[in-house]
Amino acid sequence: MSAFPATEVLVTAECWQAEPNADAVIHRAIEAAAEIADADVADAELAVMLTDDAGIRTLNANWRSIDKPTNVLSFPALQPEGAAGGGPDDAPRMLGDIAIAYETTRREADEEQKPFDHHLSHLAVHGFLHLIGYDHENDDDAEDMEALEREILSSLGIPDPYADRIA
């Protein structure tokens, strides 16, 4: 039994070939997030889709009615009612799916003068926290989520992604 969720990384856009370490970066970030967030994710599964701006724009339009690309989207899995494990005894519990767009992630990393792997780690952590119930719909929730992101990223040796933000 693993304390970490089984994470499948699916590359659906050719542009990700420019980042051959993306799979390892995502696994490392999600394992750190699961450990520090103290989430009950043992024997759970999630999928991370590495797509392009066109793919994430379609998802954003279909699911959020926002017709533009974004960096990361999270789709928490619906859990069946009354099932403690989320399904039949032999079925793993699905946490959900995360989609990350290459061009937007690359542009943001370049604009913010951050290593691509650091920004990708941040987006993977951010998406994972959404899957386990965190959000940033109000200021208090946003502060809690950002504090946890900082702690997780710090454990990976990644500087505070919010340090340069203007309040």
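Angles under 35 degrees count as roughly parallel, over 145 as roughly antiparallel, 65 to 115 as roughly perpendicular and the rest as oblique. Keep that scale in mind for the helix views below, all drawn from a predicted model.

**View 1. Helix H4 packs against helix H5.** Here we look at H4 (residues 116-131) and H5, whose axes lie 10 Å apart at an angle of about 130°. The two helices are therefore oblique to each other, and their crossing is right-handed. On the H4 side, the contact is made by Ser 121, His 122, Val 125, His 126, Leu 129 and His 130. H5 answers with Met 145, Leu 148, Glu 149, Ile 152 and Leu 153. Sorted by class, the residues of this H4 and H5 contact come out as six nonpolar, four polar and one charged.

**View 2. Helix H1 meets helix H5.** The axis of H1 (residues 22-36) comes within 9 Å of the axis of H5 (residues 139-155), and the two cross at roughly 125°. That angle makes H1 oblique to H5. H1 passes H5 in a right-handed crossing. To find the contact, pick out Ala 29, Ala 32, Ala 33 and Ile 36 on H1, then Leu 148, Glu 151, Ile 152 and Ser 155 on H5. Six nonpolar residues, one polar and one charged make up this contact of H1 with H5. You may recognise two names from the previous view: Leu 148 and Ile 152 of H5 also take part in the contact with H4.

**View 3. Helix H1 packs with helix H4.** The axes of H1 and H4 are 8 Å apart, and the packing angle is about 45°. H1 and H4 are therefore oblique to each other, with a right-handed crossing. H1 brings Ala 22, Val 25, Ile 26, Ala 29, Ile 30, Ala 33 and Ala 34 to the contact. From H4 come Asp 117, Leu 120, Ser 121, Ala 124, Val 125 and Phe 128. The residues of the H1 and H4 contact divide into eleven nonpolar, one polar and one charged. Ala 29 and Ala 33 of H1 deserve a second look, as they also belong to the contact with H5.

**View 4. Four strands form an open sheet.** Follow the strands in the order S1-S2-S4-S3, and note that the pairing is mixed. Strand S1 (6-11) and strand S3 (72-76) are the edge strands, each pairing on one side only. From one strand to the next, the twist averages 15°.

**View 5. Strands S2 and S4 pair in the parallel sense, with helix H3 packed on the sheet.** Eight bridges join S2 (residues 44-51) to S4 (residues 93-101). For a handy landmark, start at Leu 46, whose bridge partner in S4 is Gly 96. Helix H3 (residues 102-111) touches both S2 and S4, and its direction makes about 65° with that of S4.

**View 6. Trp 63 and Phe 75 form an aromatic pair.** The structure holds four aromatic pairs, and this close-up shows one of them. Trp 63 and Phe 75 sit edge-to-face, 5.8 Å from centre to centre and with 65° between the planes. Trp 63 belongs to helix H2 (residues 53-64) and Phe 75 to strand S3, so the pair ties together parts that are twelve residues apart in sequence. Strand S3 may look familiar, being one of the edge strands of the sheet.

Terms used: Residues are numbered from 1 along each chain as its sequence is written. This is a predicted model: local features need pLDDT of at least 70, side-chain atom pairs count only at pLDDT 80 or more; totals for chains, interfaces and linings use all residues. Side-chain values use heavy atoms; hydrogens and water are left out. Axes are lines fitted to C-alpha atoms, for helices over the stretch in contact, and angles run from 0 to 180 degrees between N-to-C directions. A crossing is left-handed if the near helix is turned anticlockwise from the far one by less than a right angle, and right-handed if clockwise. Contact means heavy atoms within 4.5 Å. Ala, Val, Leu, Ile, Met, Phe, Trp, Tyr, Cys and Pro count as nonpolar, Asp, Glu, Lys and Arg as charged, and the others, Gly among them, as polar. Two strands pair if DSSP finds at least two bridges between them. Rings of Phe, Tyr and Trp (its six-membered ring) pair if their centres lie within 6.5 Å; planes under 30 degrees apart count as stacked, over 60 as edge-to-face and the rest as tilted.
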